[in-house]
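Work through the exercises below with the sequence and the 3D structure at hand. Try each task before reading its solution.

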Amino acid sequence: MKKPVSNNNPTPRPTAAPTPSIIGSDVEIEGNIRTVGELQLDGAIKGDLTCGGVVMGESGAVKGIITADTVTIRGTVNGEIRARSVRLEKSAVVEGDVYHESLSVEAGAKLTGRFAHTSSPKEGKAAPVELKQTDETPSFVAKKPAAE
């Protein structure tokens with residue numbers, strides 16, 4: 001006689017990849033999101049997004065920092081993108097800096113910000129550029145006459 005199988009403690013499959021998550025176009029989220037898996041984003045996020053990979057549809061929007069391994073943008077981003085591979089498609093609108101190892105930009109994509117190639121795009125913020133303060137006045141600036 002066979003013993004019944006108990007399903008009370010399911011064992012996870014060690015090779016199973018996380019299930020991709022979908023945020024629909026009618027969803028608005030305020031707060032940070034973190035997942036190791038893939039994310040299909042058609043809704044709006046006000047907060048930082050950290051994930052394994054993100055594919056943003058044309059109706060998708062993020063106001064915050066996106067950190068991922070791979071990023072494909074068709075929607076709107078207002079903030080930084082930090083990813084190994086970044087693809088901005090023709091409908092993409094990005095206001096912020098893009099830190100990447102690999103970059104692809106389709107004709108028509110809009111970017112207000114800077115692209116910066118780096119070997120570790122997901123690591124913290126880039127060191128700020130130090131500006132030297134000098135007493136020199138550039139030659140194209142008119143000097144004020146000395147007060148008497």
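**Exercise 1: strands β4, β7 and β9**

Strand β4 (residues 38–41) and strand β7 (residues 53–56) run parallel and are joined by four bridges. The model is predicted, with local features needing pLDDT of at least 70 and side-chain atom pairs pLDDT 80 or more, while totals for chains, interfaces and linings use all residues. Residues are numbered from 1 along each chain as its sequence is written, and side-chain values use heavy atoms, without hydrogens and water.

Task: Find which residue of β7 stands opposite L39, then follow β7 to strand β9.

Solution:
1. Strands (E, at least two residues) are DSSP runs numbered from the N terminus, and two of them pair if DSSP finds at least two bridges between them.
2. L39 stands opposite V54 in β7.
3. β7 also pairs with strand β9 (residues 66–73), in the parallel sense, over four bridges.
4. In that pairing, T70 of β9 is opposite G53.

**Exercise 2: the open sheet**

Task: State the strand order of the open sheet and explain why one side of β2 and of β14 has no neighbour in the sheet.

Solution:
1. The order of the six strands is β2-β5-β8-β10-β12-β14, with parallel pairing.
2. β2 (28–30) and β14 (110–112) are at the edges with a single partner strand each, so one side of each lacks a neighbour in the sheet.
3. β14 is joined to β12 (residues 93–95) by three bridges, and E95 faces T112 there.

**Exercise 3: a charge and a ring**

Task: Which ring does the charged end of R82 sit over?

Solution:
1. The rule asks for NZ of Lys or CZ of Arg within 6 Å of the ring centre and within 35 degrees of the ring normal.
2. The charged end of R82 sits over the ring of Y99, 4.0 Å from its centre.
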